Structures are given as C-alpha cells and as structure tokens.
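Reader: I have just opened this structure and would like to understand the words people use for it. Could you take me through them one at a time?

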Amino acid sequence: MKFTTKTIHAGQKPDKATGAVTVPIYQTSTYKQDEINVHKGFEYSRSGNPTRQALEECLAALENGRFALTFSSGLAAEHAVLSTLKPGDHVIAAEDMYGGTYRLFEQVFKPYGLQFTYVSGNTGDFEKAVKPETKLFWIESPTNPLLRIIDISGVSAIAHKNNIKVVVDNTFASPFFQQPLLLGADLVVHSTTKYIGGHSDLIGGALIVNDEEWYAKLKFLQNAIGAVPCAFDCWLMLRGIKTLSVRMKQHEENALRIATFLESHQRITQVYYPGLPSNPFHNLAKKQMTGFGGMISFKLLQGDEKAANSFFKKLKIVSLAESLGGVESLICYPSAMTHASMPEEQRNAIGVTKDLIRLSVGIEDVEDLIEDVSQGLNYSRTI
Ligand code: P1T
C-alpha cells in the first residue's frame, strides 16, 4: 500500500460486527470476560482499546515501523521513552528543541539521575560527546523553532557504531515528508497534537519503534504509567490522518510562497525555511525529506516583545497561539511562549532571541495569508 492509501485504510478495516466503514469510538473503560482472563483481546481500556489499536496500527504503517504506541500528549510519549533509562544513563540531544522537551530533561529526569549533553546538531558533535554511559541520541528534524535539519542517517551511523539508539522527533515533518526509521533511526516520537491530528482539537503523542524488546518495555510503561489517549481523541486522530497527505501538500505550497515573500521583506532580517534554496540545510532536507513542511521562522528588524506584539495585534486571520500543524495559521513568539522554560542564556546561545517569530502556515488561501502578514508587518513602532 502507498502512503495515502495507508492513511485511509491501515488498521481501519470495516467493523466486523456492523460493517461500519469508520472505526467506531469504543467509549468503554472495561470488557466482559467469559472466564477469568478469557476475553476477546481487551480487558481494560488503559491497557488496550480497539479505537486506539486501529490508530496505533495506522501510525506504525505510516512510519514504516513494526509497532506504535499512543499517549495522552507528546510529552507523555517522551516521558515513556526516558523511563526506559536508569540513573546514570546519558542522553545527547541536539540543542535546538521544543522548550517542553528541554524542561522534561532538565527539571524532571535530571533530578532522577539521568545525564544530558546538548550539541549543535552537526553529526561530528554527537560523536565527540559520546561517553560509556551514553544510551540515546535525541533529535528533532526539522528542529523547533529554528528549522535546522539534522542528518538522520549520519547521526544514526555514529550511534550504532557505539551501541547507542537514536530517537527522532518527527513532529514538524510528519510521516508524509519524512520517515526516520527508513533513514536508520530506532524510534520516532510525535506530538500528534500537531499535523497528525491536524485540526487543533486534541492533545496526543505517539511512539513508533521496530525493536521488539524496546517496544515491550514501552508498552509496559504505557500501561503502568497510564498516560493513554481516550477513545474519542484516537478517533479524531484517525479522522485527521485520512487527510494528512492533502493537508501537508497545501501546508508546504503555502509555506514556500510565504517564505519567499518574507525573504524579500524589508522588515525581516532572516528567514528560516528549509525549502528556500538560500537555506543552508536545503540540500540535506532534499536528501532526507520528500518536502519541506509548513513551518517558518523569521527575525524582525529591531524586533523585541513590543514590536512583535504590534505585529501580532494587526493580524486578522493568523492567530497568536501556542502549537502548530493545524489547518489554521498560528503565529508564536518562542522566547516567551514555546521556549519560555529554557533559560535565556541557553535560548540566546542557540538563536532563540527576542526578534524571533515562528509561523505555522495553515491551509487557507495563500493570497489571504500573504495579505494578512503583509499588512501586519506594516505596524507602527508606537502602537
Ligand atoms: O504538546 P505535546 O503534545 O505534549 O507535545 C510536545 C512536543 C513534542 N515535540 C515537539 C517537536 C513539539 O513541538 C511539541 C509541542 N510543541 C508545541 C506546543 C509548540 O507550540 O511548539
């Protein structure tokens, strides 16, 4: 099956009991047993639910992986991965990452004895930071918020030489544009809140993995910790996934038009979009992705919080909000929003400065979006 056919059919056979072509919402907490522990494969909805099972089968198929597990948020999925480590274990992460992931590392798992080292994202820097205790490389690609591209096969080759596993957060690309397991990664993380759900109406997370032993540990933790998505959210995700291909194509088409517009705008000093030929990661993105996605970041001339607010207040279609990947365009101010929990010094060191703005390009008519951003950028400093 090809990708788009999988989005509509993988894990989603018509219901055996009724013929319903859409997977039903199995809104039940528990299941009748015929005898003690004799049942139809489901005992209790924290450990398994048919709507969730359909979603997990579909996600595994989309990422070309063997197993998928879903969680009540992207961070809950990440929490399960880190819970497979033990005190003293070491993780090397690319420093440009979602602020909440950084907070999970530094404020939740560091106190439990895990060690973290942050590197630039260049392949060689991972190799230099390896220690005997290193168990994981953790990367986003494209990164949040600077849209850097990390060489997944290069990093995976170094990891495997040293018996280390590679986790790729594929939230920004979505499986439509990039399938990290095929590039050598060992585990894929998603905040399904974003492109997978696609409509800004749920919070969810997922893991996709090939290694059966690691899967068994993660499945144990999914049930033992219990941060599972409810049946209705699983159904919403399945519904969202059915249009993933058409949405991603439109996100990308719109993003390229807007990035090109921003690149020539006098009030913009820098545009970060891997689809622009001028972007330093353009060739690497072309090598490992089939498209460049719908996320753009840019820097405002003399940009600070006041200037950013003046711009945001003038916008009529694009909303100032956390999150990304929905059908509607959202704009955000990373230094005080998505990356507020990263210390200012660390933010400045990686380039998440006060002039940085991030745009999640929706699938509206692109002319309307360009007109909105254009009139917004015409703000006056005195507003
Ligand atoms: O919000 P949650 O579903 O828990 O997902 C966390 C997460 C994980 N990985 C990446 C790359 C992310 O971007 C996120 C969440 N990000 C935002 C809310 C944001 O606006 O960037």
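**Why these words fit**

Author: Gladly! This is a predicted model, and lysine 86 makes a good start: its relative accessible area is 49%, and it counts as partly exposed.

Reader: Why is lysine 86 called partly exposed?

Author: The label exposed needs a value over 50%, and buried needs one under 20%. Lysine 86 has 49%, so it falls between these limits and is partly exposed.

Reader: What makes aspartate 89 count as buried?

Author: Its relative accessibility is 5%. Buried means under 20%, so aspartate 89 gets that label.

Reader: How do you know that lysine 86 forms a salt bridge with aspartate 89?

Author: The closest N and O atoms of the two are 3.4 Å apart. A salt bridge asks for a side-chain nitrogen of Lys or Arg within 4 Å of a carboxyl oxygen of Asp or Glu, so this pair qualifies. Lys86 and Asp89 also belong to a network of salt bridges that includes Lys135. By this rule the count comes to 8 salt bridges.

Reader: Which distance supports the salt bridge between lysine 161 and glutamate 127?

Author: Their closest N and O atoms are 2.9 Å apart, and the limit is 4 Å, so the pair is a salt bridge. Lysine 161 belongs to helix H6 (residues 152–161) and glutamate 127 to helix H5 (residues 123–129), so the bridge ties together parts that are 34 residues apart in sequence.

Reader: Why do lysine 161 and glutamate 127 get the labels exposed and partly exposed?

Author: Lysine 161 has a relative accessible area of 62%, which is over 50%, so it is exposed. Glutamate 127 has 37%, which lies between 20% and 50%, so it is partly exposed.

Reader: What makes the contact of glutamate 367 with arginine 257 a salt bridge?

Author: The N to O distance between their side chains is 4.0 Å. The rule says within 4 Å, so this pair is counted too. Glutamate 367 lies in helix H14 (residues 366–376) and arginine 257 in helix H10 (residues 244–263), so the bridge ties together parts that are 110 residues apart in sequence. Glutamate 367 is partly exposed at 48%, and arginine 257 is partly exposed at 41%.

Reader: Now the ligand, please. How many residues surround the ligand?

Author: There are 19 residues around the ligand, and the closest are Asp169, Ser191, Thr193, Ser323 and Arg358. Helix H3 (residues 74–82) gives the most to this shell, with 3 residues.

Reader: How do you know that threonine 193 makes a polar contact with the ligand?

Author: A polar side-chain atom of threonine 193 lies 2.7 Å from an oxygen atom of the ligand. A polar contact is a pair of N or O atoms within 3.5 Å, so this one counts. In the side chain of serine 191, an N or O atom is 2.9 Å from a ligand oxygen. For lysine 194, a polar side-chain atom is 3.3 Å from a nitrogen atom of the ligand. Taken alone, the ligand exposes 480 Å², and the protein buries 94% of that. The ligand sits in the second largest pocket.

Reader: Why is histidine 190 called buried?

Author: Histidine 190 has a relative accessible area of 1%, which is under 20%, so it is buried. This residue lies in strand S6 (residues 187–191), and its side chain makes a polar contact of 2.7 Å with the side chain of glutamate 63.

Reader: And what makes serine 45 buried?

Author: Its relative accessible area is 14%, again under 20%, so serine 45 is buried. Serine 45 lies in the loop between helix H1 (3–9) and helix H2 (50–62).

Reader: Where do cis peptide bonds occur?

Author: One joins serine 141 and proline 142, with omega about -10°. Another runs from asparagine 144 to proline 145, with omega near 10°. Proline 142 is found in the loop between strand S4 (134–140) and H6, and proline 145 is placed in the loop between S4 and H6.

Reader: What is the phi value of asparagine 64?

Author: Phi is near 55° there, a positive value in a residue other than glycine. Asparagine 64 has a relative accessible area of 34%, between 20% and 50%, so it is partly exposed.

Technical notes. Residues are numbered from 1 along each chain as its sequence is written. This is a predicted model: local features need pLDDT of at least 70, side-chain atom pairs count only at pLDDT 80 or more; totals for chains, interfaces and linings use all residues. Side-chain values use heavy atoms; hydrogens and water are left out. Buried means under 20% relative accessible area, exposed over 50%, partly exposed in between (1.4 Å probe, protein chains only). Helices (H or I, at least four residues) and strands (E, at least two) are DSSP runs, numbered from the N terminus. A residue is near a molecule or strand if one of its heavy atoms lies within 4 Å of it. A polar contact is a pair of N or O atoms within 3.5 Å; within protein, one must be able to donate a hydrogen and the other to accept it, and residues adjacent in sequence count only if both atoms are side-chain atoms. Accessible areas come from the Shrake-Rupley method with a 1.4 Å probe; for residues, only the protein chains shown count as cover. On a 1 Å grid over the protein atoms alone, a cavity is a set of points where a 1.4 Å probe fits but cannot get out, and a pocket is an open set with protein on both sides within 12 Å along at least five of seven lines; lining residues have an atom within 4 Å of a point. A molecule sits in a cavity or pocket if more than half of its atoms lie within 2 Å of its grid points.
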